[in-house]
Amino acid sequence: MVKSSSVSVPRLVIAAPSSGSGKTTVATGLMAAFAARGLAVSPHKVGPDYIDPGYHALASGRVGRNLDAYLCGPELVGPLFLHGARGCDIAVVEGVMGMFDGAAGEGELASTAHVAKLLRAPVVLVVDASSQSRSVAALVHGFASWDPEVRVGGVILNKVASDRHEELLREALESAGVPVLGVLRRVARVDTPSRHLGLVPVAERRAEAVEAVAAMAAQVAAGCDLEGLLGLARSAGALSCAAWDAAEVLDSSPPPPLPVPTLGAAPPDPRFRPERPRPQTPDGLVVAVAGGSAFTFSYAEHAELLAAAGAEVALFDPLRDEQLPDGTRGLVIGGGFPEVYASELSANEPLRKAVAALAEGGGPVAAECAGLLYLCRELDGQPMCGVLDARARMSGRLTLGYRDAVAVGDSVLAPAGTRMRGHEFHRTVVEPGAGAAPAWGVRAPVPRVEGFVQQGVHASYLHTHWASEPGVARRFVERCRTS
């Protein structure tokens, strides 16, 4: 990356004392309210979450991007932020969990507070005031004073019951030294439905999601001091790093080792929409990327890195498209909810056969979590692609957490020994959990191997962020070119 002079983008980090306080409502509503004023809004989410960025994209009209100091490293938070915020008037960053909650056992790493410090951004604390009055002052004072490097510039009171309740809260907060920048009452129509892994993605409920986002925008515009929030955003300090750029990071990274040859249409998802025109590759090398309602989890930088490495990225929907895009040489299947659509995915037999044929012919396939399930013989008794000799089923147990992983052997994504950080988030089980050639060795919570590497297939439960290891994209595209 080329060093740049100091860059200042007005920005706010929306934090809370705990999950469920209303961060998503406030952040999404602010994005939409600022956009309605004609501002170009850059939406961001702290942590690995894929679902909230979909609502952010709907609110702002721009790609929702993640800022994860664990998956990508603290050094990439600023560059990735500036990449997403190019040309924007303001950026809104939604936090994760409670403000100081980070990666387990890693201190502040990847917490909202950590990212706010890396971005030199003021924090707006969203407080669920539904069961308190004067105690709110102690709560806000504690969060504002816990870490002097985190600047809490204002508070938004959520779920306020009445005018009298608001009066009591404001009176108490006068002694805390943190201005009240908004007061929101409980409004049922801004609630978004949840499922076994959190909110239902935008792609599955487009009409209802549009209504929900509009309601959030109206509530925030009516209850918040938008001018005060904009002024706070403009007080953010300048960042001295350079904006991340897919082409530049690939040019500056060493070429990947040659891969081992054999190793034993719904509307496009906005996160795959490149910020710049997609280059046409001279050899027409197409990498197909699964989208649609069943496969909504992916980081925007993945498609950008594939394009920078020389691929033409083509979206397809496994629920509706019966063939892979013309010219497909490689396939990327990210995360999502195939368990919700198992019968529909199974019914699309022509596409299942096309995926199997590509894999059996040695075509590169990168599959994460939902993609892993889709490649199995069956999912909850429904036939899938049959690429992997494994069966998948729903489970009552949630598997959740960051993982430190190492590539067990060579694959289309990485040479043996490559270290990457990942994230697991699922309520399914694949049996067996690893093939004869596993994808990753994982140290925590217990040492184990997991995933499958066979021919050109790399399939695993781990979600990874390729910006942390951009050579992954170039290696994958090179394998597409030579397979």
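This briefing describes two sheets, the helices that pack on them, and a few single residues. The model is predicted. One sheet has seven strands with parallel pairing, and another has six strands with mixed pairing. As general background, the strands of a sheet pair through backbone hydrogen bonds, either parallel or antiparallel.

**The seven-stranded sheet**

- The strands of this open sheet follow the order E3-E2-E4-E1-E5-E6-E7, and their pairing is parallel.
- Strand E3 (65-67) and strand E7 (180-185) are the edge strands, each pairing on one side only.
- On average, neighbouring strands of this sheet are turned by 25° against each other, direction ignored.
- Four bridges pair E6 with E7 in the parallel sense.
- Leucine 157 has valine 183 of E7 opposite it.

**Helices across the seven-stranded sheet**

- H3 lies across strand E1 (11-15), strand E2 (41-46), E3 and strand E4 (90-94). H3 runs at about 160° to E3.
- Helix H8 (residues 226-233) lies across E1, E4, E5, E6 and E7, and its direction is at about 110° to E1.

**Helix H5 and its buried side**

- Helix H5 (residues 135-145) has the buried residues Val136, Ala137, Val140 and Phe143. These residues are on the same side of H5 because they cover an arc of only 140° around the axis.
- An α-helix has 3.6 residues a turn, so residues three or four places apart point the same way.
- The cover over the buried residues of H5 includes strand E5 (123-128), strand E6 (152-160) and helix H6 (163-173).

**The contact of H3 with H4**

- Helix H3 (residues 77-84) packs against helix H4 (residues 112-119) at an angle of about 75°, and their axes are 9 Å apart. The two helices, H3 and H4, are therefore roughly perpendicular to each other.
- From H3, the residues Val77, Gly78 and Phe81 meet Val115, Leu118 and Leu119 of H4. Of the residues in this contact of H3 with H4, five are nonpolar, one is polar and none is charged.

**The six-stranded sheet**

- This open sheet has the strand order E11-E10-E12-E13-E21-E20, with mixed pairing.
- Its edge strands, each pairing on one side only, are strand E11 (312-316) and strand E20 (452-454).
- Neighbouring strands here are turned by 15° against each other on average, direction ignored.
- Strand E10 (residues 286-290) and E11 run parallel and are joined by five bridges. Alanine 288 has alanine 314 in E11 as its bridge partner.

**Helices on the six-stranded sheet**

- Helix H12 (residues 349-360) packs on the sheet and touches E11, strand E12 (328-333), strand E13 (365-368) and strand E21 (457-460). The direction of H12 makes about 110° with that of E12.
- Helix H14 (residues 471-482) lies across E10, E12 and E13, and runs at about 145° to E12.

**Two single residues**

- Asparagine 158 lies in strand E6. Asparagine 158 counts as buried because its relative accessibility is 7%, and the cut-off for buried is under 20%.
- Beyond its neighbours within four places in sequence, asparagine 158 is in contact with Ser21, Gly22, Val126, Val127, Asp128, Ala129, Ser130 and Leu184.
- Alanine 218 is placed in helix H7 (residues 206-223). With a relative accessible area of 41%, alanine 218 is partly exposed.
- In sequence, alanine 218 and glycine 29 are 189 residues apart, while in space they are 7.4 Å apart, C-alpha to C-alpha.

Conventions
Residues numbered from 1 in each chain as written. Predicted model: local features only at pLDDT ≥ 70, side-chain atom pairs only at ≥ 80, totals over all residues. Heavy atoms only, no water. Buried < 20%, exposed > 50% of the residue type's maximum accessible area, 1.4 Å probe, protein only. Arc of directions from axis to C-beta. Contact = heavy atoms within 4.5 Å. Pairing = 2+ DSSP bridges. Axes fitted to C-alpha atoms, helices over the stretch in contact; angles between N-to-C directions. Parallel < 35°, antiparallel > 145°, perpendicular 65-115°, else oblique. Nonpolar A, V, L, I, M, F, W, Y, C, P; charged D, E, K, R; others polar.
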